[in-house]
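Dear colleague,

Please find below the structure that I am handing over to you. I would be grateful if you kept it open while reading the notes that come after it.

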Amino acid sequence: MSLLRKNPMKTKQLILSSILAFAGLAMLAPSIASAAPYHPKKHKVCKWDARHHHRVCHWVR
């Protein structure tokens, strides 16, 4: 709290720069999201193993 009383100009500058940084990030967010690779959900595939007499399941894309 003493930082706010000692130098109010630095505090205002810090608040303004953080607001500008978040605004810039918000503007870039759609392009960052579109550049991310698309990974379809994995799903489980099960089949009957006749040799061992049970079901075998594994995850595939």
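The notes below go through the fold, the hairpin, the disulfide and the surface.

This is a predicted model, in which local features need pLDDT of at least 70 and side-chain atom pairs count only at pLDDT 80 or more, while totals for chains, interfaces and linings use all residues. Residues are numbered from 1 along each chain as its sequence is written, and side-chain values use heavy atoms, with hydrogens and water left out.

**Fold.** The protein contains two helices and two strands, arranged along the sequence in the pattern α-α-β-β. Helices (H or I, at least four residues) and strands (E, at least two) are DSSP runs, numbered from the N terminus.

**Hairpin.** Strands β1 (43–49) and β2 (54–60) are joined by a loop that holds H53. The two strands pair in the antiparallel sense over seven bridges; strands count as paired if DSSP finds at least two bridges between them. One of these contacts joins K44 to its bridge partner W59 in β2. The hairpin has four residues between the strands, and H53 there takes a positive phi near 60°, although H53 is not a glycine. H53 is also exposed, with a relative accessible area of 61%. Here, buried means under 20% relative accessible area, exposed over 50%, and partly exposed in between (1.4 Å probe, protein chains only).

**Disulfide.** The structure holds one disulfide, that is, a pair of cysteine sulfur atoms within 2.5 Å. C46 and C57 form it, with their sulfur atoms 2.1 Å apart. The pair links distant parts of the chain, with C46 in strand β1 and C57 in strand β2, eleven residues apart. The link of C46 and C57 is right-handed, with 110° about the S-S bond. C46 is partly exposed at a relative accessible area of 34%, and C57 is partly exposed at 33%.

**Surface.** Of the 61 residues of the protein, 2% count as buried. The protein exposes about 6100 Å², of which carbon and sulfur atoms supply 67%; accessible areas come from the Shrake-Rupley method with a 1.4 Å probe, and for residues only the protein chains shown count as cover. F22, L25, L28 and I32 make a nonpolar surface patch of about 440 Å². Patches are made of residues with over 30% relative accessible area and no salt bridge (like charges joined within 9 Å; nonpolar side chains, namely Val, Leu, Ile, Met, Phe, Trp and Tyr, within 5 Å). A salt bridge is a side-chain nitrogen of Lys or Arg within 4 Å of a carboxyl oxygen of Asp or Glu. Within this patch, L25 lies in helix α2 (residues 8–35).

Yours sincerely
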